[in-house]
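This report introduces a predicted model. It is intended for a reader who has not met the structure before.

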Amino acid sequence: MTRLLVVVNDIDSQPGLLTQWMISENVEFDLRIGGVSPLPQPAELDAYDGLVMLGGGYMPDETDRAPWLAAEAELVRRALDTDLPQLGICLGGQLIAHVIGGDVRTRTGAPEKGYTRIDTTAEAAADPVFSAIREQTSFVESHVDRIVALPQEATLLARSEACEFQAFRVGRAWGTQFHPESTRANIERWDAAKLQTLGFDKDTLLEEATELGPESERDAKALFSAFLAVVRD
């Protein structure tokens, strides 16, 4: 049976749709919560077929507030060294970028919230994961921090109008700024007043979610299924 290590970095950024997809795909998953359950040692990654790291309200090097991120970075390095497939979402993707020498900055550029148009790059058509989705789609965004530069060995796979680095690959590691695991239910839990300070109206975001959610979920499932195909290869 396929076995994934899934790291939760923030209680507000849970596996969401990934949980039901892993179950429906007969994937065994070991869920570890940063700061609550200890992360495996790097050598222990040999017991897994893949690594998934979720989002959270931290910078990837903010080990004073989130000390487990240092151990998580070591898992990223081990996975890169051993070609273990890994998928990093939001903070998870930023962590991969940080480890490979990218530049991740706090509160940089325009924030993105709610369903946001994502455009794949020409390189995505040949990518084993991103070739599974449409050239233009929408995914849930929720960030004020972002990647602003990637090293030359990384391949850019997707961008948005406000954020150049929406998805990338290096080796068998994929990072996303967007949240393929999130749905309208996540937006429903967001604080309307905080959204207003960032320039977003919660009711508008919910209306957009009703319109864009179904097709987005189909693309998100296709993306994750393609990642699982790499894991099982």
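## Surroundings of Ser13

Leaving aside neighbours within four places in sequence, Ser13 makes contact with Val8, Leu54, Gly55, Gly56, His179 and Glu181. Ser13 belongs to the loop that runs between strand S1 (3-8) and helix H1 (17-24). Its relative accessible area is 9%, and because the limit for a buried residue is under 20%, Ser13 counts as buried.

## The sheet and its edges

Nine strands make up an open sheet with mixed pairing, arranged in the order S2-S1-S3-S4-S11-S10-S9-S6-S7. Strands S2 and S7 stand at the edges; each has a single partner strand, so one side of each lacks a neighbour in the sheet. On average, neighbouring strands of this sheet are turned by 25° against each other, direction ignored.

At the S7 edge, strand S6 (residues 112-120) pairs with S7 in the antiparallel sense over eight bridges. Asp119 has Gln136, in S7, as its bridge partner.

## A helix across the strands

Helix H3 (residues 91-99) lies across four strands, listed below, and runs at about 115° to S4.

| Strand crossed by H3 | Residues |
|---|---|
| S3 | residues 50-53 |
| S4 | residues 86-89 |
| S10 | residues 167-170 |
| S11 | residues 173-176 |

## The annotated span

An unreviewed UniProt entry carries the annotation "domain: Glutamine amidotransferase" for residues 45-183. In the model, this span is 17% helix and 32% strand, and the end C-alpha atoms of residues 45-183 lie 30 Å apart.

How values were computed
Residues numbered from 1 in each chain as written. Predicted model: local features only at pLDDT ≥ 70, side-chain atom pairs only at ≥ 80, totals over all residues. Heavy atoms only, no water. Helix = DSSP H or I, 4+ residues; strand = E, 2+ residues; numbered from the N terminus. Buried < 20%, exposed > 50% of the residue type's maximum accessible area, 1.4 Å probe, protein only. Contact = heavy atoms within 4.5 Å. Pairing = 2+ DSSP bridges. Axes fitted to C-alpha atoms, helices over the stretch in contact; angles between N-to-C directions. UniProt positions renumbered as here; feature names shortened; annotations may be inferred.
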